[in-house]
Amino acid sequence: MKILVTGGLGFIGSHTVVELQNKGFDVVIIDNLSNSSESVLKGIVAITGKEPQFEKLDLREKASVQTFFKKHNDVSSVIHFAASKAVGESVKNPLLYYENNIASLIYLLQELQEKTEAHFIFSSSCTVYGQADEMPIDESAPIKPAMSPYGNTKQIGEEIISDVAKMSSINAILLRYFNPIGSHPSAEIGELPIGVPQNLVPFITQTGIGLRKELMVYGNDYPTVDGTCIRDYIHVVDLAKAHVVALERLLENKNEDKVEIFNLGTGIGSSVLEVISSFEKVSGKPFPYKIVDRREGDVTMAYASTDKANTILGWKTASSLDQAMESAWNWEQKIRKNNFQ
Ligand code: UD1
């Protein structure tokens, strides 16, 4: 069984390829290397002993997508990660985001809807809930107006998939991620942010290693336990495993609807200061930060209800925040030592 993983050399994609190969699936990766590196293949081989097929291809090129599916006509299951994900950049260049995240999705679905049976797993985000009214957030929480073009592409993507699944042979699972962090425990693969990281954990580890002077904590006047924002940080390996479980559900025709939705988080909310203190614990040193103004667009609190994923998918997270932070820190130390970037 050959599975197409788009964006398979990226952060979550590469960890999912590892879990798929560990379960015996054959994988073909499409990646345009815009936010990843071909050297990630080496890490995947080091962990699994097996090299996935790789096609360097840009999914915005419709003709290339068509050619790919002619060549790999046995592919009818897709896990679709390839997308741009920087919120600020999406505000500055919305058409880049609509083209990259939406056009590529359409071209993939156009190919899949021709199949007699097809399976599609979509990387969505808890960003679709905006500031949810109730915690923890379950899948029935209302979708709020998107705060950025990036967030909008996730909402529109979900709608496109639902519309297409209704009238085609495609069965789909939409996975709404909370905050993925960490790296594979082997430190062979991990997150490789380009430039100054916008996300909390890579900024923390880069500060820990001395690349950045200090972390700006965006606001300590939120109505939370210590005034800083609350998020649900999930270990990327736990997240990757959920994709394999979701894929198996579709392959075994166990899905109850043409389109199913699952939140993927730990169910535990952690404040920014709690994440810092976890990092201090695993790195064994004090961490430099200062409190600054709130960041525009940040919600106060978001953590997942894990009930649906636990009971219906039969999937549970295994790693704690400390374990996830430790893996992120190990990875940061390794890439700097090896001068990876
Ligand atoms: C962000 C995006 C979200 C996207 C996700 C992808 C925003 C508003 N949201 O989520 O749509 O799906 O990334 O990974 O951009 N923080 C600091 N200092 C920093 C960086 C972050 O204090 O230098 C705080 C933030 O205020 C937030 C928490 O850390 O409370 C997590 O931030 P981040 O890692 O950027 O994730 P989200 O904002 O939750």
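1. Domain division. In this predicted model, the protein chain is split into two domains. Domain 1 is made up of residues 2–178 and 235–265. Domain 2 takes in residues 200–229, 268–309 and 320–340. Each domain is therefore assembled from separate stretches of the chain, as the bounds 2–178 + 235–265 and 200–229 + 268–309 + 320–340 show.

2. Domain contact. Taken over C-alpha atoms, the centres of domain 1 and domain 2 are 26 Å apart. Contact between them involves 16 residues of domain 1 and 15 residues of domain 2. About 1,300 Å² is buried between the two domains, and 67% of that area is on carbon and sulfur atoms. On the domain 1 side, Q131, M135 and H235 lose the most area to domain 2, and together they account for 32% of what that side buries.

3. Ligand position. Where does the ligand lie relative to domain 1 and domain 2? Both domains give residues to the shell around the ligand, so the ligand lies between them.

4. Ligand shell. The ligand is surrounded by 19 residues, and L200, M216, R231, R295 and D298 come nearest. By type, the shell divides into ten nonpolar, six polar and three charged residues. Strand β8 (residues 215–218) supplies the largest share of the shell, with four residues.

5. Polar contacts of the ligand. Which residues place polar atoms by oxygen atoms of the ligand? In R231, an N or O atom of the side chain is 2.6 Å from a ligand oxygen atom. For S125, a polar side-chain atom lies 3.3 Å from an oxygen atom of the ligand. Q198 takes part through its backbone, where a polar atom is 3.5 Å from a ligand oxygen atom. On its own the ligand has 740 Å² of accessible area, of which the protein covers 87%.

6. Cis peptide. The peptide bond from M135 to P136 is cis, and its omega is near -10 degrees. P136 is in the loop between β5 (118–125) and α6 (149–166). M135, on the other side of this bond, is also one of the domain 1 residues that lose the most area to domain 2.

7. Positive phi. Two residues other than glycine deserve a look at their backbone angles. L33 has a positive phi of about 60 degrees, and its place is in the loop between β2 (26–31) and α2 (40–48). N253 has a phi near 55 degrees, which is also positive; N253 belongs to the loop between α8 (236–251) and β11 (259–264). For context, most residues other than glycine have a negative phi, and most peptide bonds are trans.

Notes: Residues numbered from 1 in each chain as written. Predicted model: local features only at pLDDT ≥ 70, side-chain atom pairs only at ≥ 80, totals over all residues. Heavy atoms only, no water. Near = heavy atom within 4 Å. Polar contact = N/O pair within 3.5 Å; in protein donor to acceptor, adjacent residues only side chain to side chain. Areas by Shrake-Rupley, 256 points an atom, 1.4 Å probe, with all protein chains shown as cover. Helix = DSSP H or I, 4+ residues; strand = E, 2+ residues; numbered from the N terminus. Nonpolar A, V, L, I, M, F, W, Y, C, P; charged D, E, K, R; others polar. Domains from an automatic or database assignment. Contact = heavy atoms within 4.5 Å. Buried area = accessible area lost by both parts, 1.4 Å probe.
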